[in-house]
Amino acid sequence: MPPGRSPEPAAEANLVTAGRALVDRYECVRCHTFVASASAPAWAHVPAPHPELDCVRCHDAIRAGDPLVVPLEPSGGAHEVQSFSDIPKIEGMHRLRRSFVTKLLLESTAIRPNLGSSMPRFEITSEDAAAIAAFVVPDAEPPLPAVGDAARGRTIAGTHGCGSCHRMTGALLPASPPSIPLTPAELSLGQRLAPDLRHVRDRMRPAHLLEWLRDPSAVKPSAAMPKIPLTERELEDLAAFLLTTPLDPIATSPVPARLPLRERPVAYAEVNERVFGKICRHCHAAEDIIGGGGPGFAGGFGFRKRGLDLSTYDGARSGSIGDDGKRQSVFKPLQSGPLAGTPKLVAHLIARHAEVAGTPVPGVRGMPLGLPPLPLEEIQLVETWIANGRPE
Amino acid sequence: MKRMVLCWVTSFVAALVLTAAPQDAHACGKRREFVHRSPPAADPKLENVRKAEAWLAEGNHQRAIKYARRAFPNLEQLPAEPEVSPLFDRAQRVAAMATVHAHGNVDVGNGLAGDSEQERAVNRMWAAFVMQHQHARHRDNVVVEVQYAQAVAHVDGLEGQAYAMLERLATEDLMPTAGGYLTLARLQTHRGDARGRDTSLARCREIAGTNACDLA
């Protein structure tokens with residue numbers, strides 16, 4: 001059992017109520033589906049998003065080849081936002097530690113190594129994060145259960161092939177095929193959704209971990225994890241391994257170095273084709289585009305309206321609305337901080353690399369929001385275009 | 001008839017000069033060009049507005065107005081429709097900017113074909129009036145703001161207002177179009193600001209190349 005941990009009490013009622021309103025404010029439903037159940041009846045009142053604001057399901061439809069949905073990009077648009085697939089449903093959340101949900105909302109930690117990051121890095125206070133966590137995990141945590149032997153648990157993990165879907169950063173997770181038959185589709189889905197087991201001890205409530213390992217779909221009907229036949233003792237041993245085996249510290253990856261400006265001229269068409277039109281305009285488009293221009297134009301995910309339109313040349317040159325309510329150029333160099341002298345637009349793209357490396361740049365939110373960073377060559381393209389005078 | 005129209009337009013222009021811009025009505029519909037349900041119904045109004053925009057970009061001002069009016073026959077009127085649509089706004093901006101670029105020498109459907117300097121001046125004032133309303137409806141849209149300034153720059157006595165708007169946008173590096181810099185350069189020339197003019201022309205050329213930035 002993780003040392004020094006006591007069960008979480010039930011969330012305060014006023015915090016739960018506040019969290020319900022914040023779920024709307026931060027627009028959790030643009031990506032997640034809330035599945036009501038007997039233990040979470042309030043979720044029945046969390047409405048689905050307006051279809052024009054439903055980024056995930058729209059991209060799912062594009063990916064599935066739905067003939068009723070036509071993407072703007074001639075390529076089909078599916079490959080640009082692969083991260084918007086298999087977003088976990090909000091269901092069976094009582095298994096999670098409320099403190100973990102709070103931390104996730106504050107830091108947008110990516111816990112599914114094969115899914116790619118897609119959780120937005122919110123502009124959220126710790127109070128708001130705690131309130132949302134209270135809404136999704138209102139219950140008290142059950143008493144800590146007895147767990148077994150971690151060494152035996154490691155062997156069980158190897159025997160049953162946990163490593164065929166999961167990783168466990170900082171610990172040895174024996175690799176072997178799954179002990180139960182899985183179709184290729186089931187295995188593929190499992191690999192995409194499987195969390196890094198390193199996070200289990202912070203993420204899951206031990207009593208519910210045992211329930212989960214016994215039968216995942218009994219806890220979360222939409223769970224991709226299969227039911228693996230285990231004896232009660234094996235369950236306890238496996239839980240002991242997941243909760244207590246020593247973990248090496250995570251090695252930090254350095255922020256990659258920026259590339260120098262290109263020597264050849266770069267025009268807008270190339271920047272638009274490779275960056276703005278491919279990624280940015282999903283959230284930064286004009287107000288009369290579907291979805292009201294996206295959260296980066298009209299506001300959304302708790303962000304205020306910024307009015308930044310990167311779907312057209314004129315729009316990119318029109319700047320964005322600053323914290324003071326006035327428009328400002330997105331090409332203007334930052335005045336201070338580690339990215340001083342860097343054009344604002346470029347700074348946001350570089351800051352995403354820093355966020356992924358675990359060293360966020362103070363005051364500069366990484367873009368694309370929550371998604372994998374742009375390749376350095378594409379940032380170089382944008383920076384060169386700006387340095388060239390932003391030719392059309 | 002022409003005299004009546006002249007009086008009508010002039011009364012509106014007086015309102016343009018003397019009154020503050022109306023409050024933001026902000027009518028925003030959805031254009032459904034990003035992702036749409038298929039098969040998309042052919043929308044003749046949308047097609048005509050797109051053609052109008054294309055002709056405006058080509059510099060064929062009268063034809064641009066023709067297609068804009070084909071989409072919205074009464075687009076010269078203010079207010080034109082019970083519920084202003086984004087598509088109507090686009091069409092009306094095309095007509096207004098075609099009028100500005102043609103120095104008023106077009107027929108926008110108000111009975112004034114631009115045959116005399118007086119008619120051309122009234123047409124230019126009509127364009128400025130239209131753009132004032134457009135700017136009021138789209139406060140956040142810098143492109144519309146620049147178009148408004150370009151329209152105002154062609155109205156006698158209002159050049160200073162246009163200069164102030166464009167100079168601010170240029171200073172803040174928010175000028176979205178080469179045309180905005182070109183208009184600013186023209187105004188700076190009239191003010192005897194050769195250095196400012198050269199800077200504006202240089203910025204114009206950075207965006208659009210030399211050919212599009214000729215003051216002559």
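**Exercise 1. Chain B at a glance**

What percentage of the 216 residues in chain B do buried residues make up? Work it out, then sketch the fold of the chain.

*Solution.* A word on the ground rules before the steps. This is a predicted model, where local features need pLDDT of at least 70 and side-chain atom pairs count only at pLDDT 80 or more, while totals for chains, interfaces and linings use all residues. Residues are numbered from 1 along each chain as its sequence is written, chains are lettered from A and ligands numbered from 1 in the order in which they are written, and side-chain values use heavy atoms, with hydrogens and water left out.

Step 1: sort residues by relative accessible area, with buried meaning under 20%, exposed over 50% and partly exposed in between (1.4 Å probe, protein chains only). Buried residues come to 48% of the 216 in chain B.

Step 2: list the secondary structure, taking helices (H or I, at least four residues) and strands (E, at least two) as DSSP runs numbered from the N terminus. Chain B has nine helices and one strand, in the order α-β-α-α-α-α-α-α-α-α along the sequence.

Step 3: look at contacts, meaning heavy atoms within 4.5 Å. Of the chain B contacts with a separation of 6 or more, 56% involve residues 24 or more positions apart.

Step 4: add the surface, using Shrake-Rupley areas with a 1.4 Å probe, where for residues only the protein chains shown count as cover. Chain B exposes about 10300 Å², and carbon and sulfur atoms supply 52% of that.

**Exercise 2. A charged patch**

Find the residues that gather in a patch of positive charge on the surface of chain B.

*Solution.* Step 1: set the rule. Patch residues have over 30% relative accessible area and no salt bridge; like charges are joined within 9 Å, and nonpolar side chains (Val, Leu, Ile, Met, Phe, Trp, Tyr) within 5 Å. Lys and Arg count as positive and Asp and Glu as negative, with His and the chain ends not counted. Each charge is placed at NZ of Lys, CZ of Arg, CG of Asp or CD of Glu.

Step 2: apply it. The patch holds B:Lys51, B:Arg63, B:Lys66 and B:Arg70.

Step 3: place the members. Helix α3 (residues 61-71) of chain B gives the most, with three residues, while B:Lys51 lies in helix α2 (residues 44-58) of chain B. B:Lys51 counts as partly exposed because its relative accessibility is 40%.

**Exercise 3. Salt bridges within and between chains**

Compare where the partners sit in three salt bridges: A:Glu270 with A:Arg274, A:Lys305 with B:Asp140, and A:Asp323 with A:Arg306.

*Solution.* Step 1: a salt bridge is a side-chain nitrogen of Lys or Arg within 4 Å of a carboxyl oxygen of Asp or Glu. That rule gives 29 over all chains.

Step 2: take the helix pair. A:Glu270 and A:Arg274 have their closest N and O atoms 3.9 Å apart. Both lie in helix α11 (residues 268-276) of chain A, four residues apart, about one turn of the helix.

Step 3: cross the interface. A:Lys305 and B:Asp140 have their closest N and O atoms 2.7 Å apart. A:Lys305 lies in the loop between α12 and α13 of chain A and B:Asp140 in the loop between α5 (117-137) and α6 (142-153) of chain B, so this pair joins two chains. A:Lys305 is partly exposed at 29% relative accessibility, and B:Asp140 is partly exposed at 26%.

Step 4: go back to chain A. The closest N and O atoms of A:Asp323 and A:Arg306 are 2.7 Å apart. Here the pair links distant parts of the chain, 17 residues apart: A:Asp323 is in the loop between β2 (320-321) and β3 (327-328), A:Arg306 in the loop between α12 and α13. A:Asp323 counts as exposed at 59%, whereas A:Arg306 is partly exposed at 22%.

**Exercise 4. Backbone oddities**

Which residues have a positive phi of about 55° although they are not glycines, and where is the cis peptide bond?

*Solution.* Step 1: A:Phe301 has such a phi and lies in the loop between α12 and α13 of chain A. Its relative accessibility is 7%, so A:Phe301 counts as buried.

Step 2: B:Asp173 also has a positive phi of about 55°. B:Asp173 sits in the loop between α7 (159-171) and α8 (178-190) of chain B and is buried at 18%.

Step 3: the bond from A:Met367 to A:Pro368 is cis, with omega near 5°. A:Pro368 lies in the loop between α14 (344-356) and α15 (376-387) of chain A.
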